[in-house]
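Subject: The structure I promised you

Hi,

Here is the structure we talked about. Have a look at it on screen first, and then read my notes underneath.

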Amino acid sequence: MSKITKVELFHIRIPLAKPFYPSWIPGFPQTENRFDLIRITTEDGIQGYSSGPAISNERRGLGGLIAPYLLDHDASNIPLMHQRLREISYLGIRSNWIEPAFWDIKGKLENKPVYELLGGKHQDIKLYASTGEVKQPGPRLEEAQARYEDGFHSIKLRVHDFDVQKDIEQIKIVTDALGDKMDIGVDVNQAWRVTIVNDAPKWDLKRAKYFADACSDMGVSWIEEPLPMDDYEAQAALCAYSKVPISGGELHSGGYPELKMMIENHCYDIFQPDAIMSGGISQALAIAELCKQKGLKFTPHTWTNGIGFAVNAHVMLASGFADSMHLEYPINPPSWTLENRDALLTRPFQHNKGVLSMPQKPGLGFEIDERALRKYGKRFFNMGKTKFLFHTLRDKGFKAAKEIDYNRKHYGVNTDN
């Protein structure tokens, strides 16, 4: 048993060298890599980390909610931790992005990498270069050629134009030049349409079929999220129609139950849940197992930050798909670089000619650079057992606090029912 004694939350803002224009938010010049970091400390001094994407300070009040659910419980009891996160979600706040921190602690306790705890073996992971911006045909080809020269043999392009012919033109110049050298995928970013800055194209099944036919003619290897994430019927119809595999599933916060339903209805040919955003490590691996049973493919989404990348790399190694599939490697210089993505880590996850050799360290395999954390992070929540006691006394009063403490000690649930 390794009881949780402290919960800390940090808001991180890492400046980008140049503005990044994400295809999924048209017109938005992103100048920082922003995310929230959780650090969970146990009574034996072990620290577990995880992180979740953040726009601003939207999780400002989260600590006061989650700490009472976590403090004094066994961090290595993964089923119990799932139950606590599930209870938090009843209030409408999904916090499964925290779950990898418990696996980090469990791996460190058992002196094993998380992938090994989960039945995976150490092996090199083949990567695909995941671009993030929409570009004109000329710059797009230059970018693809640069990634090929870096050693990548697979790349994902982004399209997001109102005119489907412009989307096709941007892809065709790359397939014509590099189609015999690289596997080329296309991310349409239609699953979760964002119009907060500029308007964005809105695809329907007719356009998706037309695009799929064009991609088939160009030899494209896969098409990612060409339809709204909850249009399950259209997704299944497109998979049945398209000669090119259809992929998706990164942001389904319903986790395993929702993605299980989508697998049973063959909404995608390739499922790409992100363990940070779609239910945690355990649920991502349950999805991978179901994909195997149904003859579908699996590879996680990783576009968040270095910690999120590490989490999903462990999922990949434990999933059984590392031999047959490539893992996403976000890279979009000069704005989105390895240095910006992994700035909080003492050792960035550097590829070697499109291949990643995972660290064999216990837990999630990375170490936080404390100097970088002080530079880029601001701690907005810090609660240990003593602070928790005073918080409960102030919030509930002495009598109620005493009753709660007694009930937790004598009747508290120790496993997930």
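Below is what I found, going from the whole chain down to single residues.

Before anything else, keep in mind that this is a predicted model.

**The whole chain**

If you count up the secondary structure, you get 15 helices and 13 strands. The radius of gyration is 22 Å, close to the 22 Å that the globule rule gives for 417 residues, so the chain is as compact as a globular protein of that length. Along the principal axes, the C-alpha atoms fill a box of roughly 70 × 45 × 45 Å.

How much of the chain is buried? Buried residues account for 56% of the 417. The chain still exposes about 18000 Å², and 50% of that comes from carbon and sulfur atoms. Contacts also reach far along the sequence: taking those between residues at least 6 apart, 74% join residues at least 24 apart.

**The cores**

In soluble globular proteins, nonpolar side chains tend to be buried together. Here, the largest nonpolar core holds 117 residues, and Phe102 and Phe211 have the most contacts inside it. Which helix gives the most to this core? That would be H11, with nine residues. A second, separate core has six residues, including Phe20, Trp24, Ile25 and Trp336.

Zoom in on phenylalanine 102 if you want to see the packing. Not counting neighbours within four places in sequence, Phe102 is in contact with Ile4, Ile40, Leu70, Ala75, Ile78, Met81 and Leu85.

**Helix H11**

H11 covers residues 306–319, which makes 14 residues. From first C-alpha to last, H11 reaches 20 Å, close to the 20 Å expected at 1.5 Å a residue. Is H11 buried or exposed? It is mostly covered, with 14 of its 14 residues buried.

Both ends are worth a click. At the N-terminal end, asparagine 305 acts as a cap, with a side-chain oxygen 3.0 Å from the backbone nitrogen of isoleucine 307. After the helix comes glycine 320, which has a positive phi near 85°.

**Helix H1**

H1 runs over residues 62–70, and its buried residues are Leu62, Gly63, Leu65, Ile66, Ala67 and Leu70. What covers them? The cover includes strands S1 (4–20), S2 (30–42) and S13 (377–384), along with helices H2 (78–89) and H3. Just after H1, aspartate 72 has a positive phi too, of about 75°.

**Two residues to compare**

Aspartate 104 is in helix H3, residues 99–110. Its relative accessible area is 1%, and buried means under 20%, so aspartate 104 counts as buried. Setting aside neighbours within four places in sequence, aspartate 104 is in contact with Gln47, Gly48, Tyr49, Val114, Gly363 and Leu364.

Isoleucine 173 belongs to helix H6, residues 164–178. With a relative accessible area of 28%, isoleucine 173 falls between the 20% and 50% cut-offs, so it is partly exposed. Leaving out residues up to four places away in sequence, isoleucine 173 touches Pro137, Gly138 and Leu141. Try finding methionine 218 as well: it is 45 residues from isoleucine 173 along the chain, and their C-alpha atoms are separated by 9.7 Å.

Happy exploring!

Conventions: Residues numbered from 1 in each chain as written. Predicted model: local features only at pLDDT ≥ 70, side-chain atom pairs only at ≥ 80, totals over all residues. Heavy atoms only, no water. Helix = DSSP H or I, 4+ residues; strand = E, 2+ residues; numbered from the N terminus. Expected span 1.5 Å × (residues − 1). Buried < 20%, exposed > 50% of the residue type's maximum accessible area, 1.4 Å probe, protein only. Polar contact = N/O pair within 3.5 Å; in protein donor to acceptor, adjacent residues only side chain to side chain. Core = buried A, V, L, I, M, F, W, Y, C linked by side-chain atoms within 4.5 Å. Contact = heavy atoms within 4.5 Å. Rg over C-alpha atoms; globule rule 2.2 N^0.38 Å. Areas by Shrake-Rupley, 256 points an atom, 1.4 Å probe, with all protein chains shown as cover.
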